[in-house]
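Me: Hey, I've just opened this one and I'm new to it. Can you walk me through how the pieces fit together?

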There are 2 protein chains.
Amino acid sequence: MSLIVQKYGGSSVADIDRIRNVANRVAEYRRRGDQVVVVVSAMKGVTDNLIGMAKSFMPVPSEREMDVLLSTGEQTTIALLAIALQSMDISAASLTGAQAGIVTDGVHSKAKILNITPEKIHELLDAGNVTIVAGFQGQTSEGNITTLGRGGSDLTAIALAAALEADLCQIFTDVDGVYTCDPRVVESAKKLEEVSYDEMLELASLGAKVMQSRSVEFAKKFGVIFEVRSSLNNNPGTIVKEETKSMEDVVIRGVSLDKDQAKITLVGVPDRPGVASRIFQKLADSAINVDMIVQNISHGTETPATDLSFTIDKPDVAKALGVIDAMHEEVGFGNVLTDENIGKLSIVGVGMRSHSGVAAKMFEVLAGAEVNIQMISTSEIKISVVIDLDQSEGATKEVHNAFLG
Amino acid sequence: MSLIVQKYGGSSVADIDRIRNVANRVAEYRRRGDQVVVVVSAMKGVTDNLIGMAKSFMPVPSEREMDVLLSTGEQTTIALLAIALQSMDISAASLTGAQAGIVTDGVHSKAKILNITPEKIHELLDAGNVTIVAGFQGQTSEGNITTLGRGGSDLTAIALAAALEADLCQIFTDVDGVYTCDPRVVESAKKLEEVSYDEMLELASLGAKVMQSRSVEFAKKFGVIFEVRSSLNNNPGTIVKEETKSMEDVVIRGVSLDKDQAKITLVGVPDRPGVASRIFQKLADSAINVDMIVQNISHGTETPATDLSFTIDKPDVAKALGVIDAMHEEVGFGNVLTDENIGKLSIVGVGMRSHSGVAAKMFEVLAGAEVNIQMISTSEIKISVVIDLDQSEGATKEVHNAFLG
């Protein structure tokens, strides 16, 4: 008898029929004799509807009350799924995040899980129930309802798998697993059988929208092995786990393309200590997420200056330019250049660490396709380049073909 | 500074505009400096929608899960009302039934309140918040969500008023208060300024649908004085409280007509001990609510027999006839007569106790209108008669005119 934690997202429980499908799948596992804990999101559309009602009163409603409001979405799903299972003669009982013992800090709308006391879950499982837990939510130690923010239901599932020491954690979604590249960009993209936490993290942060980074980080921290798979078929998915020796035999695990970034360049930034920190602190204070940063050696001798380029999410450009403008006098740089017409192409693989020449090969492929590289950034297991947006899909295909084709 | 508990039902919070109206009203009290606790129901239609979804899985879903499901309705309203108040610069915070400390027994879908620990409410009030509590719900001491059944939000308000020792408890509804008669039947019906718990109970059980009996009983038990008034205007409502000396000066408080009952007569029931108890026990076992019962002296000498008539809710007739049929052989009565064409006309008033001739006057009025009385039943403060349905509205007007016109 195994203990399995399964998570189904909003599109998997979008309506009555989909909930029935999920119940069928859960019932299958249960009938094999496994203990099953199911984590569900709100039915697709419900959350947006609730947000719409709240915003009809004020543009930025209180986060405490938004948490009370939005948590009803998952609570509705858990009860409906329990009833769907009961209609199939499977004993089932639902728990809200609070009832499931999920204790968070008090940062409403993006709370962090502090600890889980899963006694109630064990109790219900031991009594023979499929136990259904509302994802995305918890409560503070003072008893206030909180939500975990984007990707919160994944986090609930992985945190529960850790707390329950589950044998298996399955994240059901609307894709078959993690691919070597986005199949919409590269038709020959292949599903990965397994991927390491670090590779998954790089892929997640690079625009492969399967999962939020925080859930993968949590899984890595607590060593929770999980599978990403589809709720629409029975294909095996992708196992995400700690890196193994054999993983290094594969140089590149995946290729990803992010078309949602913009590049900002500050020309002639004075090359003295503290300038970069000042700029990026101000951007961080305004909640602008800076991704790649490139600064080259300074030129000029009397007043050495350098060009500083960085990428941010496209929707943040206006806000970022405002922040930068306000610093113009204080820091004293020259022109500010903005380019929204870029794509960030990345290759990821733990195998890079033990294989040389990976970067050279990537640049060679791009040169062969006459793609100019504007920025380069590397980590131990990742190489990212910023290129022209119009060339980015073609370049992605070439790189995928060269390494994984 | 007073502490006021206000309750708003489903039609008062039916949509965003109505919720805004409620917020305006609450804000008015709050701005006067009063502490306000608001109890709300689910938005009209929400509960039915949730029930519909659950029933698409099975006709009789688990009551535990229905409670988890339905309690989201009030939880949605409390958050929206809190946000509406905040948009008017009124500090507000919401609490689910569980968070508000409402502890119930474990009878899902019709739980009884066992006790209330209102620390959290006091805490929020003391911090200057309008405190909004989800009506109709609580949790067991084991932490399971429960709902209180029909009229549950009224009960929440009255129980909170008792626990908080509130200065005032207001039940806002879509009528102006309690009337001497249904204004749709008797145009000259007048709103009562005050009514005793007992009169209110009789009126409630007689078809004046303002409130469920259980809430009035609870208020009587704990001496909670409350006002029934409209959420659509500023008219004063009806105060419901312990009987006072002056109340007795009024002979009749109200007249009510119930057209939803049917009469069943068992002809020739053997007049021996235990027969009636046997019949009514069987009906009770089938959850059939018997209202009036009339049995006259027996006739016949060798095998004394009597006719037994009683009234039940019309929708229960088929079920009742089934129960009676099954007892035919065992009890040995003659024909069974059913009459759905009846009206039950009642007059209520604590003043009856000290005034004689009330029944005589009522019967005289009915005789004058050529209305035949089929059954009579009396209590200390009530006289009910069963008459022909077609004559019932006319008779109600005559009686109202004679006593209250």
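Reply: Sure, starting with where the copies touch. 100% of the interface residues of chain B are also interface residues in chain A, so the copies meet through the same surface. Being in contact here means that the C-beta atoms of two residues, placed from the backbone, lie within 7 Å. Keep in mind that this is a predicted model, where local features need pLDDT of at least 70 and side-chain atom pairs count only at pLDDT 80 or more, while totals for chains, interfaces and linings use all residues. Residues are numbered from 1 along each chain as its sequence is written, and chains are lettered from A and ligands numbered from 1 in the order in which they are written.

Me: How many residues does the contact take from chain B and from chain A?
Reply: It takes 28 residues from chain B and 28 residues from chain A.

Me: And which elements of chain B supply the side that touches chain A?
Reply: Helix H2 (46-55), helix H3 (63-86) and strand S3 (92-95) of chain B each supply at least two residues of that side. The largest share comes from H3(B), with 14 residues. Helices (H or I, at least four residues) and strands (E, at least two) are DSSP runs, numbered from the N terminus.

Me: What kinds of residues are on that side of chain B?
Reply: There are 15 nonpolar, 10 polar and three charged. Ala, Val, Leu, Ile, Met, Phe, Trp, Tyr, Cys and Pro count as nonpolar, Asp, Glu, Lys and Arg as charged, and the others, Gly among them, as polar.

Me: What turn lays chain B on chain A?
Reply: A turn of 180 degrees, with a shift of 0.1 Å along the axis, and the RMSD is then 0.2 Å. The two copies are thus related as by a two-fold rotation axis. The superposition is by least squares on the C-alpha atoms of residues with pLDDT of at least 70 in both copies.

Me: Which residue of chain B comes closest to that axis?
Reply: B:Thr72, whose C-alpha is at 2.6 Å from the rotation axis.

Me: Back to H2(B) and H3(B): at what angle do they pack?
Reply: At about 155 degrees, with their axes 9 Å apart. That makes H2(B) roughly antiparallel to H3(B). Angles under 35 degrees count as roughly parallel, over 145 as roughly antiparallel, 65 to 115 as roughly perpendicular and the rest as oblique. The axes are lines fitted to C-alpha atoms, for helices over the stretch in contact, and angles run from 0 to 180 degrees between N-to-C directions.

Me: Which residues make that contact?
Reply: From H2(B), B:Val46, B:Thr47, B:Leu50 and B:Ala54, and from H3(B), B:Met66, B:Leu69, B:Leu70, B:Gly73 and B:Thr76. They divide into six nonpolar, three polar and no charged.

Me: New topic: how do H11 and H12 of chain B pack?
Reply: Helix H11 (residues 358-368) and helix H12 (residues 389-404) of chain B pack at about 135 degrees, with axes 10 Å apart. That makes H11(B) oblique to H12(B). B:Lys361, B:Met362, B:Val365 and B:Leu366 in H11(B) meet B:Ala395, B:Glu398, B:Val399 and B:Ala402 in H12(B).

Me: Last one: which domains does chain A have?
Reply: The assignment, which is automatic or from a database, gives domain 1 (3-174) and domain 2 (244-405). Their centres, taken over C-alpha atoms, are separated by 37 Å.
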